[in-house]
Amino acid sequence: MFHGVPRYTFIRELCASNLEKLASQIRRELVNFAAEMSDDVSGQVRRAAEKFTLVGFAGELASTAGITD
């Protein structure tokens, strides 16, 4: 693949998906990940973890769509 092509493929996959179902899956992943964190972590750590959860979820979507090798 050429540089940048996976990005467009990923966006097409997102646009073609059921967005309500996708949003529900993302919320579930965020809740599940937050449940695994200790209660004494700072808000900064919690927000950073949420970002990494979203990146991981996007990677899983890309793999499911056959975009990643």
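Two rings of Phe, Tyr or Trp count as a pair if their centres lie within 6.5 Å. A pair of aromatic rings is described by the distance of the centres and the angle of the planes. Searching the whole structure by that rule turns up 0 aromatic pairs. The model searched here is a predicted one.

**Confidence**

The protein has a mean pLDDT of 90. Of its residues, 97% reach 70 or more. Helix H3, residues 43–64, is where confidence is highest, at a mean of 93. Confidence is lowest in helix H1, residues 5–16, at a mean of 89.

**A charge over a ring**

Tyr8 has a charge over its ring. The charge belongs to Arg7, whose charged end sits 5.0 Å from the centre of the Tyr8 ring.

**The largest pocket**

Rolling a probe the size of a water molecule over the atoms shows where empty space is left. The largest pocket holds about 210 Å³ of space. Its lining is made of 13 residues. Nearest the centre of this pocket lie Glu13, Leu14, Ser17, Leu22 and Leu61.

Which helix gives the most to the lining of the largest pocket? That is H1, with 4 residues. H1, H2 (19–36) and H3 each supply at least two residues of the lining. Sorted by class, the lining has 7 nonpolar residues, 4 polar and 2 charged.

**Three residues on the helices**

Glu29 belongs to helix H2. Gly59 is placed in helix H3. Arg46 also has its place in helix H3.

Are these residues buried, exposed or in between? Buried means under 20% relative accessible area and exposed means over 50%. Glu29 has a relative accessible area of 36%, so Glu29 is partly exposed. Gly59 stands at 31% relative accessibility and therefore counts as partly exposed. Arg46 comes in at 25%, so Arg46 counts as partly exposed too.

Separations along the chain and in space for pairs with these residues are set out below.

| C-alpha pair | Apart along the chain | Separation in space |
|---|---|---|
| Glu29 and His3 | 26 residues | 29 Å |
| Gly59 and Phe10 | 49 residues | 9.9 Å |
| Arg46 and Gly59 | 13 residues | 20 Å |

Take Gly59 and Phe10. They are 49 residues apart along the chain, and 9.9 Å separates their C-alpha atoms. For Arg46 and Gly59, 13 residues apart along the chain, the C-alpha separation is 20 Å. For Glu29 and His3, 26 residues apart, the value is 29 Å.

How values were computed: Residues numbered from 1 in each chain as written. Predicted model: local features only at pLDDT ≥ 70, side-chain atom pairs only at ≥ 80, totals over all residues. Heavy atoms only, no water. Phe/Tyr/Trp six-rings, centres within 6.5 Å; stacked < 30°, edge-to-face > 60°. Lys NZ or Arg CZ within 6 Å of the ring centre and 35° of its normal. pLDDT = per-residue confidence, 0-100. 1 Å grid on protein atoms, 1.4 Å probe; cavity = no way out; pocket = protein on both sides within 12 Å on 5 of 7 lines; lining within 4 Å. Points joined across faces, edges and corners; volume = space filled by probe spheres on them. Nonpolar A, V, L, I, M, F, W, Y, C, P; charged D, E, K, R; others polar. Buried < 20%, exposed > 50% of the residue type's maximum accessible area, 1.4 Å probe, protein only.
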